Structures are given as C-alpha cells and as structure tokens.
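Visitor: I am new here. Could you show me the structure and explain the words used for it?

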Amino acid sequence: EARRGDVVGKDTLVLKGIPSRGTAKASMDTMLLAIHTETFERFLSIVNVPISRVLRYRIINLIKRSRIHFFASLGSAAIYKLSKSCTMLAYKKGQVIFKEGDIGDAFYVIARGSVTVSIEKKYIKSLDKDSYFGEIALVLDDARTATCTAEDTCILLQITKKKFREFFSDKPDSLAEIELRIAGKRAQIRSVIYHPLGITAFLEFLKKEYAEESLEFWQEARAFRKWAQKFQLKASKEYLTIQAHASLIRDKYIREGAPREVNIGSKIANAIIKEVDAGAAGPKTFVQAEEEALTLLARDKMRTFRTSKEFKHLLSRINHYSVS
C-alpha cells in the first residue's frame, strides 16, 4: 500500500514502453502529483541533464544496492565506468531470459520483478529485486546450468561478457580478483598469475615441485615487456639498457644449458637468441615464449595446484564464495 510521499510508476519515466506491474487504485479520496514522460523529458532538457545520465545513476545505485560480492573491491569511480558497459532490458511475464544448456554470455541483476530458476523443468527457487545471476558466464565459457524465466514483468541490468572484458582490459589485477572469486576451484591460470596473492601461492607450490623457473621467466619477461614499451627503441636513450636487459633474460632462461632454462620449443628459443644477438630486442621479443611457458604450466601444473593447500589458502584469503 502506497502512502503519502511514496512514488509509483517511476520506472516508466526513464524506461519507455515498460508496462506497469499492477493496477493502482485509490482506497480513499486522494490527491496525486502526476508527471508524464513528456513533462519529465522537458524538465531534463531545461536543466541540461540527459536521460542517459539519469539511467546511469540508477544503474550505479542498483550495483551498489545489490552488494555484488565480486565487485566489492571496485571503488566509486570504477563502478561509474562499469555502469557505462551495462544495459537495462525488459522481459514480459513468462519470457525466458536464458535456457539450461545455452552458452553463457551475460550476467544479470534484477532491478524490478522476480525471476524463476528451474533445472530440467523443475522449479528450484525464485530470485527477487536486487538479486543477481549468471555470473559464471563472465569468466568461464560454460553452458548454463539452469533456465531463468521472468516470473512477472522484469527489468534487468545486463553486463555481457564482451563488455565486461573490455572494461577490465587494462585492469588485469582487478579482473583476476573477480575471476578467482567467481570461478574458485575452476580458476584458469591467468586468473592466478595476474593476482598478487595468486602468483605468490602458485610460486610457492611450484617450488615444492622444483618447477618454478617457467613462472619466474614469465614474471621477468612480462616486466621487461611493460618497461620496454615506454621507449622508441633505437631512438631512445635507453636502447642499450633494453638490449642488455634482454641479454640477461636470454642467458638466464633461453640459451641451451642456461642456469634456469625454460621448456620452450627450439624454434621460439632460436628466434629469441637471433633477435637479441642482433641488438634488435624489444617489447615483443619474449611474447611467444611467455605464452608457451604459460600453456605448459596450465597443462602440467594447474590441476594439481587447484588441489593444493596453497590454492585452498588463496581462496580463503580472497573471500571466495560458492555459486549456487
């Protein structure tokens, strides 16, 4: 029951075409202030506030209100930027949002209405306003484990996997944190190595396996790449320093019989040696070797790492939660 000062139907002001959820009927003599969509839009134009900004702040408030566990580490500025990657969608009663078995490509937060979750056509539970679902799709290419259907007229906030990845493209550490929190025991190697706690735990595990040289190489090669990207190579005063640094990495990890020789293909190793010997080393010199080292670590060590005490301790430290 709405009382004095309450607002009814505000969603229709910013989301055109959204049907009302029910019928509003006066239970006594009542005076209402009615604001039609056209009037609201004229008011916004007078105060020079675009409707998109109003919608943006509604999205921001929804993200904050929902207390999305894996976005907890994001500050207000980051949430504002993230809101630009979000879309508001409307679903009619009975409309399927996604089906069990579909490949997931988006995550949802309920702004209005309720959603029914079912598995093999059996009712599991209902999700209400401010609840979120489908987050596994942001980090894993898995099939949906349930069907989600609009229980009534619903307004959902949607973040697609593509937009999510684009937002975090220059924030690998933040992305790793979110991926670890969501994926947990199914986390991929990049989620581990881009997280400061993750790479420390993985390195501790690899040292027990006497196999830490590949990860140490990846760390040094990545640091070299990020540093060398700042300069224009031969036009730079740092040219000789870049070549000297690349030579150290080559001699430590790449040459045959090197003290920390990594297991990479001879073709890649020979190309690196040739490039460094020619004084042509640059940011891309070790990229292929980095990728191959990670591929081998993922294949040979990640499965065992996920069962280790180091990994269990890592998940407890980043506050991992279970996806139901």
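Guide: What follows is a short round of questions on cysteines, rings and charges. This is a predicted model, where local features need pLDDT of at least 70, side-chain atom pairs count only at pLDDT 80 or more, and totals for chains, interfaces and linings use all residues. Residues are numbered from 1 along each chain as its sequence is written, and side-chain values use heavy atoms, with hydrogens and water left out.

Visitor: How many disulfides does the structure hold?

Guide: The count is 0. To be listed, a pair of cysteine sulfur atoms must lie within 2.5 Å.

Visitor: Why is Cys86 called buried?

Guide: Buried means under 20% relative accessible area, exposed means over 50%, and partly exposed is in between (1.4 Å probe, protein chains only). Cys86 has 9% relative accessibility, so it counts as buried. Cys154, at 0%, is buried too.

Visitor: What makes Phe202 and Phe205 a stacked pair?

Guide: Rings of Phe, Tyr and Trp (its six-membered ring) pair if their centres lie within 6.5 Å; planes under 30 degrees apart count as stacked, over 60 as edge-to-face and the rest as tilted. That rule gives 17 aromatic pairs. In one of them, Phe202 and Phe205 have ring centres 6.4 Å apart and planes at 10°, so the pair is stacked.

Visitor: Where do Phe202 and Phe205 sit in the chain?

Guide: They are in helix α8 (residues 196-208). Helices here are DSSP runs (H or I, at least four residues), numbered from the N terminus. Phe202 and Phe205 are 3 residues apart, so about one helical turn separates them. Phe202 has a relative accessible area of 0%, so it is buried. Phe205 has 5%, so it is buried as well.

Visitor: Why is the pair Trp227 and Phe231 called edge-to-face?

Guide: Their ring centres are 5.6 Å apart and their planes stand at 75°, so the pair is edge-to-face.

Visitor: Are Trp227 and Phe231 buried or partly exposed?

Guide: Trp227 has a relative accessible area of 24%, so it is partly exposed. Phe231, at 22%, is partly exposed too. Both belong to one aromatic cluster, with Phe217, Phe224, Tyr253 and Phe286.

Visitor: How do you know that Arg144 lies over the face of Phe98?

Guide: A charge sits over a ring if NZ of Lys or CZ of Arg is within 6 Å of the ring centre and within 35 degrees of the ring normal. Arg144 lies over the face of Phe98, 3.8 Å from the ring centre. The charged end of Lys171 sits over the ring of Phe167, at 4.3 Å from its centre.

How values were computed
Helices (H or I, at least four residues) and strands (E, at least two) are DSSP runs, numbered from the N terminus.
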